[in-house]
Amino acid sequence: MGLKAAVLQVTPLQQNCAVLWDEHARRASVVDPGGEVERIVAALDQLDLVAERILLTHGHIDHAGGAAALADALGVPVWGPSIEDRFLLDGLAVQGRAFGIPEARPLTPGRWLAEGDTVAIAGRDFAVRHCPGHTPGHIVFVSTEMRVAIVGDVLFRGSIGRTDFPYGDPEALIAAIRTKLFPLGDDIVFLCGHGPGGTFGEERRSNPFVGEGA
């Protein structure tokens, strides 16, 4: 199918930074570079890839902390998340000091993304779905053609994103998963922000927070 992916666990929070590329064109997108920018650059070099852009699912430090430094290193733009997460991106330096990510600094993306937008990842169109709850501006990237979704911290294998923040909204998160993600099909494979990925079908059937028995 030509779409390839590599995952680097970065930051002390073991966040899944994803590099996705087309095996023929060798052009890549980097999703959620939370930190350890030198490792990400080295991985791109080792894979012989040229980065096109950086994509952010949301504004938490472990997902966005390295974005500004990586954009400078690669000379590429940052797109996403949704504008509701502006306050988190504005506070990245403060978050970085708290979580041991020294390269973090405030960031204004070149393009905010919203429900209904489409972005090209490795030459394939991915739809943007706004899935708030974990953060107000969290977005998910979905390719119904490739049957792949990049969900950040919305959905995990056997769990969902935390909502115990002042801005968290568990009802909105559960509604987004059930109305915007699960209807796309049980066979869609998802990559999440921490831990192993899975399929929408398995989570729809058995996830204790949003599954059929919840």
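Visitor: How much of the accessible surface of the protein belongs to carbon and sulfur atoms?
Guide: Welcome! Please keep in mind that this is a predicted model. The accessible surface of the protein comes to about 8,800 Å². The share of that surface belonging to carbon and sulfur atoms is 54%.

Visitor: How many helices and strands are there in the protein?
Guide: Both kinds of element are present, and they are numbered from the N terminus. The protein has seven helices and 13 strands.

Visitor: Why does the protein count as compact as a globular protein of that length?
Guide: Let us set two values side by side. For 214 residues, the globule rule gives 17 Å. The protein counts as compact as a globular protein of that length because its radius of gyration is close to that value, at 16 Å.

Visitor: What percentage of the residues count as buried?
Guide: A residue counts as buried when its relative accessible area is under 20%. Among the 214 residues of the protein, the portion that counts as buried is 52%.

Visitor: Which strands are the edge strands of the open sheet?
Guide: This open sheet has six strands with mixed pairing, in the order β6-β7-β8-β9-β12-β13. An edge strand here pairs on one side only. That description fits β6 (118–121) and β13 (198–199).

Visitor: Which residue in β13 stands opposite Phe190?
Guide: Strand β12 covers residues 189–192 and runs antiparallel to β13, with two bridges joining them. Across from Phe190, in β13, stands Gly198.

Visitor: Where is Pro81, and what is the peptide bond from Gly80 to Pro81?
Guide: Pro81 has its place in the loop between β5 (78–79) and α4 (86–90). The peptide bond leading from Gly80 to Pro81 has omega near 0°. That bond is cis.

Visitor: Is Arg26 buried, partly exposed or exposed?
Guide: Look in the loop between β2 (15–22) and β3 (27–31) to find Arg26. Arg26 is not a glycine, yet its phi is positive, at about 60°. Partly exposed lies between the cut-offs of 20% and 50% relative accessible area. With 27% relative accessibility, Arg26 counts as partly exposed.

Visitor: What is the phi of Glu36?
Guide: Glu36 sits in the loop between β3 and α1 (37–46). Its relative accessible area is 30%, so Glu36 is partly exposed. Glu36 is a residue other than glycine with a positive phi, near 55°.

Visitor: How far apart are the mean positions of the positive and negative charges?
Guide: The protein has 18 positive and 27 negative charges. The distance between their mean positions is 2 Å.

Conventions. Residues are numbered from 1 along each chain as its sequence is written. This is a predicted model: local features need pLDDT of at least 70, side-chain atom pairs count only at pLDDT 80 or more; totals for chains, interfaces and linings use all residues. Side-chain values use heavy atoms; hydrogens and water are left out. Helices (H or I, at least four residues) and strands (E, at least two) are DSSP runs, numbered from the N terminus. The radius of gyration is taken over C-alpha atoms; the globule rule is 2.2 Å times the number of residues to the power 0.38. Buried means under 20% relative accessible area, exposed over 50%, partly exposed in between (1.4 Å probe, protein chains only). Accessible areas come from the Shrake-Rupley method with a 1.4 Å probe; for residues, only the protein chains shown count as cover. Lys and Arg count as positive and Asp and Glu as negative; His and the chain ends are not counted. The place of a charge is taken as NZ of Lys, CZ of Arg, CG of Asp or CD of Glu. Two strands pair if DSSP finds at least two bridges between them.
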